[in-house]
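Student: Could you take me through one part of this structure closely, namely the aromatic rings and how they are placed with respect to one another?

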Amino acid sequence: MSLGTKRLGKELTKIQKTLPPGITLVKADDLQEWLLDIQVLDQNPIYAGETYRLKFRFGKQYPIEPPEVVFTKQENRPIPMHPHIYSNGIICLDLLGSSGWSPVQNVESVCMSIQSMLTGNTKNHRPEGDADFVSTNKARPKDIEFYYHDNEV
Amino acid sequence: MPPPNTPEEGLVSAPTTTATLALRPITRDLEMTAASPPTAAIPAVDLRALEYESNVDENLICPICRVALVAPVITNCDHVFCQKCLVQAHTLNPVCPVDRQPLLKLSSETRSAPKLVTNQLDNLTVRCPNRMRGCDLVVARSLVENHVSRYCDKTLVPCPHPSCDKTIARKDMAKGCLHYEVSCEFCEQAVQKADLETHQDMECLNRKKDCELCGAEFVRSKQEEHTKECPEVEGGRPGGRAIGRAARRDDDAEGEGPAERPAHQVPREPGLLRPAAAAENLSNMPLPAAATPQETAPYESRDQYFLSLFETMESKVERLSSALTEVEGRHSMMLFNETMPIKDQLTEIRSTLGVLGMHVRWLMNFRLQERGRVLGSGGGAGGANSPSLTGAAGQETGGGGGSDSNLPRRLSENMREHPPRL
């Protein structure tokens, strides 16, 4: 058993037991793709009453390499409005890129980071050039070279 | 088979011990010649895949692989990782995974973790990785590799047949190549001869088994039906099949009397057994006829049985001696810890004594001087007067005595003026 599967198995048994408030496990049938729902718990008017669905995909190198984390759009599960989240669900977060990732992170900590990223947001708009990016991007989220220019949000 | 050494059972244990010791090199040689080529081929134990007997302390878990640390290293920023994990993480990103402090060169910015940590890791108890094949041993992590590669009966070793490239459990080594198909006498399924035992013990649907919860016996294929009606089931079935089996085997072993236990049960508290006790156990050792069927079955000849017995004893002695050294170390540490404060107190007492002595000498000196002065003046006066004037001389000495009786008061005055220096 490789490092990744062993660790994912451990993470799974842990999050099946307990998860922080506002985060629920939806589906984890295998060790490649998991679905989790997150809610923003405080009364942020942009996100109040909504639930968002996150999709984790784990490569063979996880946890050495970051997982691919995107929001997926479904009925009742919109893509949250945020200046760092594109309308196709791709999240611009340094934590999820190769340089910002650390193998100490795990699914739970990533969910909490995204949750707090939404909680602290006050700008109800998409990133600049969202339409362009969404129509032209074919690369996997992990391979996109984000330019982390904005540290205010 | 008649027990060959029954008449000698009454003998004292000492000769038995010497016999074991004398035989020890021989068993080693045998092992070397017979088992060393296959031993080399046994894959090393993957310490990360081990099953730990109890929950491992969070501080001993690698933050990367989330398993008890294997070959721990510590960074200059004081974070501990498995060496392998850190190397992997470092190739992607040359920073400390926990606090992102730059780690330019692993060789200069990390060192192996303190002995304390490795000792704690070594002491973690794990289950033998051959547990699925029936070995129920629980052993310190530092010893598990040795157990699997040299002693565990259930370790898979290359088949002794030269043209067969399959593997076989070590206990069946002497039976020749068992890689031919036979049909199970209970379910008529075709099974490899080598797997027959496991098949019948674990899988065969037509074999009877006991329910782990209520103890009722039923045929394995009826498991689901029984689960529905089992009185002890509440919700999910607690405990896997393997755990239930292990518990049952323990019960069986207990039923056979305590004297037989050491033969097939590895002692869990080796520190408590003294060498003499171990030797005694050896003389009480069950002989092939008395041992459990499980124990005798794989051995074809008596020699082999004894050989395996010796190996068990050898591993036991090894474990004992390691436990002994540990106990010794702990003991000397304890002794040291206890004598240190005593020594301290002694030196303190000695210094207090010295100071006291000084005081006494000072006081005595003072007193002697005082008396010497008084006597000197009194004597001088007495000497100057003629013996006929004894009355006057007596008066003089009387006066001297009077001043003498005043001494303490003056002394205390003196003391007040010049308090003794401590």
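Tutor: In this predicted model, A:W34, A:F56, A:F58, A:Y62 and A:W101 form one aromatic cluster. Over all chains, the structure holds 9 aromatic pairs, and one of them is made by two members of that cluster, A:W34 and A:F58, whose rings lie 4.9 Å centre to centre with 70 degrees between the planes, an edge-to-face arrangement. This pair links distant parts of the chain, for A:W34 belongs to strand 2 (residues 33-39) of chain A, while A:F58 sits in the loop between strand 3 (51-57) and strand 4 (68-72), 24 residues apart. A:W34 counts as buried because its relative accessibility is 0%, and A:F58, at 7% relative accessibility, counts as buried too.

A further pair is formed by A:Y52 and A:F71, whose ring centres are 6.2 Å apart and whose planes stand at 80 degrees, so that this pair is edge-to-face. Since A:Y52 lies in strand 3 of chain A and A:F71 in strand 4 of chain A, the pair ties together parts that are 19 residues apart in sequence, and both A:Y52 and A:F71 are buried.

To place these rings in their chain, note that chain A has 3 helices and 4 strands, which follow one another from the N terminus in the order α-β-β-β-β-α-α. Of the 153 residues of chain A, 50% count as buried, and among its contacts between residues at least 6 apart in sequence, 60% join residues at least 24 apart.

Technical notes
Residues numbered from 1 in each chain as written. Chains lettered and ligands numbered in written order. Predicted model: local features only at pLDDT ≥ 70, side-chain atom pairs only at ≥ 80, totals over all residues. Heavy atoms only, no water. Helix = DSSP H or I, 4+ residues; strand = E, 2+ residues; numbered from the N terminus. Buried < 20%, exposed > 50% of the residue type's maximum accessible area, 1.4 Å probe, protein only. Contact = heavy atoms within 4.5 Å. Phe/Tyr/Trp six-rings, centres within 6.5 Å; stacked < 30°, edge-to-face > 60°.
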